[in-house]
Amino acid sequence: TIGKQIADHSDVVKRAHDEGHEICTHTWDHAAGSGQGVNLTYMTADEQIQEVQKGFQAIKDVIGEDPARIMRAPGGDFKGDIVWTLQPYIDAEIGWNVDTEDWRRPGADTEDWWRPGADAIAERLLSAKSGDVVLMHDGGGDRSQTVEALKKALPQLKQEGYRFVTISELLQYDPPADSSVSK
């Protein structure tokens, strides 16, 4: 989650944590300023470290304990020197295998061209395979399509035998020799 947004939604973050969800950082402010709101690699090493440390602190302030030292870099941009700069501060940077594209925003010409629709989001979610990380969003505007897509896709995935785990659980997972046994 974006650290700067946690205080305004602390009840939701605390409830999610208490229900067993893992709260990890998506930086303090999504690389605003010299990161142009999208890319940590544009920032100085000191700015990158501050983004991560402040993001973790915002989580800790709400959940009352140190969060997992896991992050997702804005835009998935985690390459080059940033890897070495943040190595002492994080245990893992997580990308994704499936982008539901629920993040798309309207253009200037027409209001609805960008909207993927709940069915398209659900279809992308249903394309996930065992061990995939799915990219979805809860901020940045109206997420009713995302919520509707989850209502459609999650029961089907559960029926197919999929389990949903935290990133820490996924990182610890050691698949059985016959990987068809468990999804």
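Setting aside neighbours within four places in sequence, N97 touches G131, D132 and V133 in this predicted model. The residue sits in the loop that joins strand 2 (92-93) to strand 3 (98-99). N97 counts as exposed, because its relative accessibility comes out at 51%, and the cut-off for that label is over 50%. As for how N97 relates to K151, the two are 54 residues apart in sequence, and their C-alpha atoms are 21 Å apart in space.

K151 falls within helix 5, which covers residues 144-159. Does the helix have the length its residue count calls for, or what else does its span show? With 16 residues at 1.5 Å each, helix 5 should span 22 Å, and its end C-alpha atoms are 23 Å apart, so the two figures agree. Helix 5 does have a kink, though: a bend of about 25 degrees lies at A153, shortly before the proline P155. A153 is also one of the buried residues of this helix, along with T146, A149 and L157. Just past the end of helix 5 comes G161, with a positive phi of about 100 degrees.

What do the buried residues of helix 5 pack against? Their partner is helix 4 (118-126). On the helix 4 side, the residues involved are A118, D119, I121, A122, L125 and L126. On the helix 5 side they meet Q145, T146, E148, A149, L150, K152, A153, Q156 and L157. So the kinked residue A153 turns up in this contact as well. The axes of the two helices lie 8 Å apart and make an angle of about 40 degrees. That angle is why helix 4 counts as oblique to helix 5. The crossing of helix 4 past helix 5 is right-handed.

Back towards the N terminus, the loop between helix 1 (10-18) and helix 2 (45-63) holds a pair of residues with unusual backbone angles. Most residues other than glycine have a negative phi. H30, in that loop, goes the other way, with a positive phi of about 60 degrees. A31 is found in the loop too, and its phi is likewise positive, near 60 degrees. What sets their surroundings apart is accessibility: H30 counts as partly exposed because its value is 21%, whereas A31 is buried, with a relative accessible area of 0%. The cut-off for buried is under 20%.

How values were computed. Residues numbered from 1 in each chain as written. Predicted model: local features only at pLDDT ≥ 70, side-chain atom pairs only at ≥ 80, totals over all residues. Heavy atoms only, no water. Helix = DSSP H or I, 4+ residues; strand = E, 2+ residues; numbered from the N terminus. Expected span 1.5 Å × (residues − 1). Bend = angle between axes of the 7 residues up to and from the residue. Buried < 20%, exposed > 50% of the residue type's maximum accessible area, 1.4 Å probe, protein only. Contact = heavy atoms within 4.5 Å. Axes fitted to C-alpha atoms, helices over the stretch in contact; angles between N-to-C directions. Parallel < 35°, antiparallel > 145°, perpendicular 65-115°, else oblique. Left-handed = near helix turned anticlockwise from the far one by under 90°.
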